[in-house]
Amino acid sequence: MSRTTTATHAEYCVIACADAWRDNGEVLASPMGLIPSIGARLAKRTFSPDLLLTDGEAMLVGLDGVAEGWLPYRRHLTMVTGGRRHVMMGASQLDRFGNQNISCIGDWQQPARQLLGVRGAPVNTLNNPVSYWVPKHSRRVFVEKVDMISGVGYDSAAAAGPSATRYHRIPRVVTNLGVLDFATPDRAMRLASVHPGVTAGEVQAATGFPLALPDEVPYTREPTATELRLIRAVIDPDGLRDREVPPA
Amino acid sequence: MADKTMTPEEVVSRLHSGMTLGIGGWGSRRKPMALVRALLRSDVTDLTVVSYGGPDVGLLAAAGRIRKLVAAFATLDSIPLEPHFRAARQRGAFELMEIDEAMFMWGLHAAANRLPFLPVRAGLGSDVLRVNPGLRTVTSPYEDGETLVAVPALRMDAALVHLNRADRLGNGQYLGPDPYFDDLFCEAADQAYLSCERLVDDFATAVPQTLLVNRHSVTGVVEAPHGAHFTSCVPDYGRDEAFQKLYATTPWPEFAERFLSGDEKTYQSAVQTWHEEQT
């Protein structure tokens, strides 16, 4: 038990990301961002060995980096629509029902800040589970209403009808402060856990809409000794994770 | 059979203002940059550009050549946000048809198959439908009765693509890990122009699956060594990250003056000179 209490902020984030792929079976884990990438590799090295990973280009690779399959963009899009994939995307904005924006800030006609464009967020969210990673939890990201719905939230999917809800699922949102999900009757965002050292009040203060709160908000689980060893010695020995989420 | 080889200038002489122009590659990967640079030297403008956007979009946007863009994104990959695309959008410089990556692919498939649309699940519930009020849905005639988005065919007047090798007849070969969608661009366009790193006499020793583009869908072939620069064209070369950074951080008039005021040969030697200055 002694070592596990020394887990850093970034390591709790890695664990929380890894757990998104728990019990997913033989699907493609598509992490976007550094900490989700460490999390996906940790999941594959421990409790989800059947996960598929890519080299970030066109190859499916094992943990040793050796190719085991071919996945160019055109086939990747079939993987998406076939549903055997769980992506963890970033989000410039995210609202109470899980609508996500990576397209632009402000009026779409002439945006104040043009970002990436919708990319594959519409196809992802309607076809395979989509989780989100937000390295800096703030009111700028967690807004009442996103400016451009790129990733579809629960309310928007419901309004669009059965073809939209059929395969729609947002398992979790991981941030530097905690883990959020939509396990509420009306599918509004809920605080599922806070990372040790963080309070529910701090998360609410950094969120631009009221969060559903359990009576007692649990802490994000502790990493096991094996997980800490894998993160520190094998997957991220240079400690790049601390650059995305600095130590407290 | 017809020898389809031509110069970049001859390609551009066949294009005209107001055209719908498809550009192959993806982001900052295997873009037909030499052909885009030739386009910048011409007075062709008012274009509808269809692209998985990268610096091709950025260059044309900075030069004010785009009337309308059809895209899911524009990115430099290693630099996530394309600066000239951003600036153009923020000054409202062109019309945008912003669709999802998969919708875009099915739009190409529809055009290549001469279909008016193809149904996709993507787009429902997202603001892609809000910002494209012309997009329609279609209901399945089968018992599922599902309602899906009818992605219209992205038919193009002309397409520009860049591959690793080609023959004089217009057969094209890719040697990297990903074909992107260049075959579809050629098949979805009335005319298609293929630039390549190197012309070859035949593909006698080629792995068959690398022969991506067939000559029936190609109008002209251009030998353009380093013709995807500064995007990647693996395995011939990777992305020129240092130069891309220069592109992304230099004010447009200064960049255009130094690198785009002469022909392709002048461009390539100006790039080389710049690299020599850096060491």
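The following paragraphs lead through the interface between chain A and chain B and then to one residue of chain A, Thr220(A). This is a predicted model, in which local features need pLDDT of at least 70 and side-chain atom pairs count only at pLDDT 80 or more, whereas totals for chains, interfaces and linings use all residues. Residues are numbered from 1 along each chain as its sequence is written, chains are lettered from A in the order in which they are written, and side-chain values use heavy atoms, with hydrogens and water left out.

Where the two chains meet, 38 residues of chain A are in contact with 43 residues of chain B, contact meaning heavy atoms within 4.5 Å. Across this interface the rule finds four salt bridges, each a side-chain nitrogen of Lys or Arg within 4 Å of a carboxyl oxygen of Asp or Glu. Glu146(B) forms a salt bridge with Arg166(A), and their closest N and O atoms are 2.2 Å apart.

Turning to chain A alone, Thr220(A) lies in the loop between helix H7 (200-205) and helix H8 (225-235), helices being DSSP runs of H or I with at least four residues, numbered from the N terminus. Thr220(A) is buried, with a relative accessible area of 6%, where buried means under 20%, exposed over 50% and partly exposed in between, for a 1.4 Å probe and protein chains only. Leaving aside residues up to four places away in sequence, Thr220(A) touches Tyr12(A), Ala16(A), Val179(A), Ser193(A), Val194(A), His195(A) and Pro196(A).

Conventions
Helices (H or I, at least four residues) and strands (E, at least two) are DSSP runs, numbered from the N terminus.
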